Amino acid sequence: SSTQVNVFVSFDALPYFQLDGVTLKINDRPVGNHLYTERELKSMNRGAVQRLFTGNLPVGEHELVAIVSGVGPEGRDYKRAVSIELEGTTCVNSPPSV
């Protein structure tokens with residue numbers, strides 16, 4: 001038995017942060033990675049939502065980690081990771097926000 005998981009990315013941190021890419025890990029295993037083109041970033045800045053991952057997970061507890069990279073204030077490289085615990089079909093924590 002398994003549960004389908006969908007992970008979507010949206011972005012609304014302008015002018016404080018310029019998104020470069022997102023890496024997604026489930027149970028410490030990389031399952032998704034995306035580097036954004038200028039066209040995609042323009043769409044994201046206008047409110048677009050991108051599907052980063054769709055897959056099946058066995059029933060039980062799982063940890064999802066999203067690592068976001070980009071350029072922050074004053075042109076400095078920025079990288080931050082957020083995590084959420086999943087169990088079966090429900091979120092244990094609220095969806096992460098970076």
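Partly exposed means a relative accessible area between 20% and 50%. Keep that band in mind for Tyr 78, which has 33% and is therefore partly exposed. The model on screen is predicted.

**Whole chain**

Start with the protein chain in cartoon view. Its secondary structure comes to one helix and seven strands. Follow the elements from the N terminus: they run β-β-β-α-β-β-β-β. Now switch on the surface. The accessible surface is about 6700 Å², and carbon and sulfur atoms hold 47% of that surface. Of the 98 residues in the chain, 32% are buried. A contact map adds another view. Among contacts with a separation of 6 or more, 57% join residues 24 or more positions apart.

**Stop 1: the aromatic cluster**

Select Phe 11, Phe 17 and Tyr 78. These residues form one aromatic cluster. The structure holds two aromatic pairs. Take Phe 11 and Phe 17: their ring centres are 6.0 Å apart and their planes meet at 55°, so this pair is tilted. Phe 11 and Phe 17 are both buried.

Next, turn to Phe 17 and Tyr 78. Their rings pair edge-to-face, with 5.1 Å from centre to centre and 65° between the planes. Which parts of the chain does this pair link? Phe 17 sits in the loop between strand S1 (2–9) and strand S2 (18–26). Tyr 78 belongs to strand S6 (residues 77–87). The two are 61 residues apart, so the pair links distant parts of the chain. Colour both by accessibility. Phe 17 has a relative accessible area of 10% and is buried, whereas Tyr 78, at 33%, is partly exposed.

**Stop 2: the largest nonpolar core**

Hide the rings and select Leu 19, Val 22, Leu 24, Tyr 36 and Leu 64. Among the 21 residues of the largest nonpolar core, these touch the most other members. Now colour by element. S1, S2, helix H1 (38–45), strand S4 (50–58), strand S5 (61–71) and S6 each give two or more residues to this core. Which element gives the largest share? That is S2, with four residues.

Zoom in on Val 22 and show its surroundings. Neighbours within four places in sequence are left aside here. Val 22 is then in contact with Val 9, Gly 32, Asn 33, His 34, Tyr 36, Leu 52, Ile 67 and Val 68. Tyr 36 in that list is also one of the core members that touch the most others.

**Stop 3: Phe 53**

Move to strand S4 and pick Phe 53. Is Phe 53 buried or exposed? Its relative accessible area is 14%, under the 20% cut-off, so Phe 53 is buried.

Show the contacts of Phe 53, again leaving aside neighbours within four places in sequence. The partners are Val 5, Asn 6, Val 7, Leu 24, Ile 26 and Val 31. Draw a distance from Phe 53 to Val 31. Their C-alpha atoms are separated by 7.3 Å, with their positions 22 residues apart along the chain. Leu 24, another of these partners, was selected at the previous stop as a core member.

**Stop 4: the salt bridge**

Finish with Arg 76 and Glu 74. The structure holds one salt bridge, and these residues form it. How far apart are the closest N and O atoms? They are 3.9 Å apart. Check the surface once more: Arg 76 and Glu 74 are both exposed.

Technical notes
Residues numbered from 1 in each chain as written. Predicted model: local features only at pLDDT ≥ 70, side-chain atom pairs only at ≥ 80, totals over all residues. Heavy atoms only, no water. Phe/Tyr/Trp six-rings, centres within 6.5 Å; stacked < 30°, edge-to-face > 60°. Buried < 20%, exposed > 50% of the residue type's maximum accessible area, 1.4 Å probe, protein only. Core = buried A, V, L, I, M, F, W, Y, C linked by side-chain atoms within 4.5 Å. Contact = heavy atoms within 4.5 Å. Areas by Shrake-Rupley, 256 points an atom, 1.4 Å probe, with all protein chains shown as cover. Salt bridge = Lys/Arg side-chain N within 4 Å of Asp/Glu carboxyl O.
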